[in-house]
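Please open the structure in your viewer and keep the sequence panel visible. The tour below proposes a series of selections and describes what is found at each one.

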Amino acid sequence: MELLSFGDTGWGDELFFATLMTIAVSITAMAIGFLFALIFTPLKLSKIKTLNIIGNCYTTIIRGVPELLIIYLLFFGGTGAAMYVASIFGYDGYIELNAFITGALAIGIISGAYSTEVFRGAILSIDKGQFEASKVLGIKKSIQFYKIILPQMLRLSIPNLSNVWQITLKDTSLISVTGLVEIMRQSYIAAGSTRDPLFFYSIAAVLYLILTYLSMNLINKLEIKYSKGY
Amino acid sequence: MISIFPSLLSGAVITLQLLASSMFFGLIIGLIFAILRINKNPIINKFAYAYSYFFRGTPLLVQLYLIYYGLANIEFLRNSFFWVIIKEPYWCAIIAFSLNTGAYTSEILRSAFQTIKKGYIEAAQSLGVTKKITFYRIQLPIAIKQSLPAYGNEIILMLKGTSLASVITIMDLMGEARKVNVLTFKPFEAFITAGIIYLFITFIIHNIIKFLEKKYGFQT
């Protein structure tokens, strides 16, 4: 138990901050995913064929390729690309991309693909009559989207978004391979220096379980709150 | 691009092996735990729930590390004959993947069992069919047919999951891609080629499941 004490002798404070890092990366990635989803959902639903294909390519490729591969591609490829761009401007040193930003971006791209599917499903399940009614009333398309479709879409997507959140939270453990000190990386370091991997990976598992448990409860409350009156 | 293809393909073979064996063991584990989950005994029921909650609530990487690094820490396991198995990263990966996919499979099958219409079971009962035969001949086939689409997704998720084997030194498709990246400093070539191979495998699995669904799909 003293291994978990806070301070210089234990790993308690390190693991605590690592947990905060995991939460921070997950939330950032989820937010980035939302942005991607808001861009690609209209593309997937678009009647214009080219846009449609772009939207489908995004979700199919991202969901068909391992998460680790996307992280590596962004991390190694991103470094190479950044150095190439820098070399044009006459800088030849080594550039290391920020692990937090690349990691959050990689997980965000993945979570965006799942969110896109969720939003698409939600919009398709909105009654057609509502689109027609707002058209009849002469409401502009942009206002129709923001005031009528978007609020309903968000409410309908809460249950499925909770799944996406779980996936995103668990995917952040993969960023540890790039060196960002989150739960997984911290346990790896602690396990290495204390030679007690069983203990520290069990702690990591418990921390993830606590995070999923708490966030599930929170999302369930949200779902109940927003489904009032339906 | 062409020169790295053979090594990536040899990695893909390992990936497919890992996938096939973990899906096989995972299906057995999933079936057992699905049956335990629909058991009325609360202790058995809770145990099965705890299993699936743990494996679905923690990242696969944690499970893999727990089994690969963690189990080696237990003294009596190291002295028992299990050591032959758990000292090999390959078997550790298969154990972790099987347990993980087993948890998801048990959830898929459980929900399939629970959505079977009561009328079928009642009809079987009124015809005097024994409980055992009702289970094997009526409940199980319907549950399997109903869970085909979800199971197809699970296979694809597991295919992506096998890429984690590369972090415990297994040279699967992902491991080979990493090696190519380190040797040639061409991350785009290595990872994009590997990505295309992964997509290709996904595409084939997707179509096989689609075909099976069409052929054996269950309409209620």
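**First stop: a covered helix**

Select helix 9 of chain B together with its surroundings: what covers its buried residues includes helix 3 of chain A, along with helix 1 (5-37), helix 3 (60-70), helix 6 (89-114) and helix 11 of chain B. The model is a predicted one, in which local features need pLDDT of at least 70 and side-chain atom pairs count only at pLDDT 80 or more, while totals for chains, interfaces and linings use all residues. Residues are numbered from 1 along each chain as its sequence is written, and chains are lettered from A and ligands numbered from 1 in the order in which they are written.

Helices (H or I, at least four residues) and strands (E, at least two) are DSSP runs, numbered from the N terminus. A residue is buried if 20 or more other C-beta atoms lie within 10 Å of its own, exposed if 12 or fewer, and partly exposed in between, with C-beta atoms placed from the backbone. Now colour the buried residues of helix 9 of chain B: B:Tyr151, B:Glu154, B:Ile156, B:Met158, B:Leu159, B:Lys160 and B:Gly161. This helix has 14 residues and reaches 19 Å from its first C-alpha to its last, close to the 20 Å expected at 1.5 Å a residue (the expected span is 1.5 Å times one less than the number of residues).

**Second stop: helix 9 against helix 11**

Add helix 11 (residues 187-216) of chain B, which packs with helix 9 (residues 148-161) of chain B at an angle of about 165 degrees, the axes being 10 Å apart. Axes are lines fitted to C-alpha atoms, for helices over the stretch in contact, and angles run from 0 to 180 degrees between N-to-C directions. The two helices of chain B, helix 9 and helix 11, are therefore roughly antiparallel (under 35 degrees counts as roughly parallel, over 145 as roughly antiparallel, 65 to 115 as roughly perpendicular and the rest as oblique).

Two residues are in contact if their C-beta atoms, placed from the backbone, lie within 7 Å. Among the residues of helix 9 of chain B that meet helix 11 of chain B are B:Gly152, B:Ile155 and B:Leu159, and the residues they meet include B:Ile205 and B:Ile209.

**Third stop: across to chain A**

Keep helix 11 of chain B and select helix 3 of chain A: their axes come within 9 Å and cross at roughly 160 degrees. That makes helix 3 of chain A roughly antiparallel to helix 11 of chain B. On the chain A helix the contact is made by A:Leu69, A:Tyr72, A:Leu73, A:Phe76, A:Gly77 and A:Gly80, and on the chain B helix by B:Pro187, B:Phe188, B:Phe191, B:Ala194, B:Gly195 and B:Tyr198.

Next, display the contact between the chains, which takes 28 residues from chain A and 27 residues from chain B. Which helix of chain A gives the largest share of the side that touches chain B? That share, 9 residues, comes from helix 8 of chain A.

**Fourth stop: B:Ala96**

Return to chain B and select B:Ala96, in helix 6. Is B:Ala96 buried or exposed? With 25 C-beta neighbours inside 10 Å, B:Ala96 counts as buried. Leaving aside neighbours within four places in sequence, B:Ala96 is in contact with B:Leu60, B:Gln63, B:Leu64 and B:Ile67.

**Last stop: chain B as a whole**

Finally, show chain B entire: 11 helices and 0 strands. Buried residues make up 39% of its 220 residues, and its C-alpha atoms fill a box of roughly 70 × 50 × 25 Å, taken along the principal axes.
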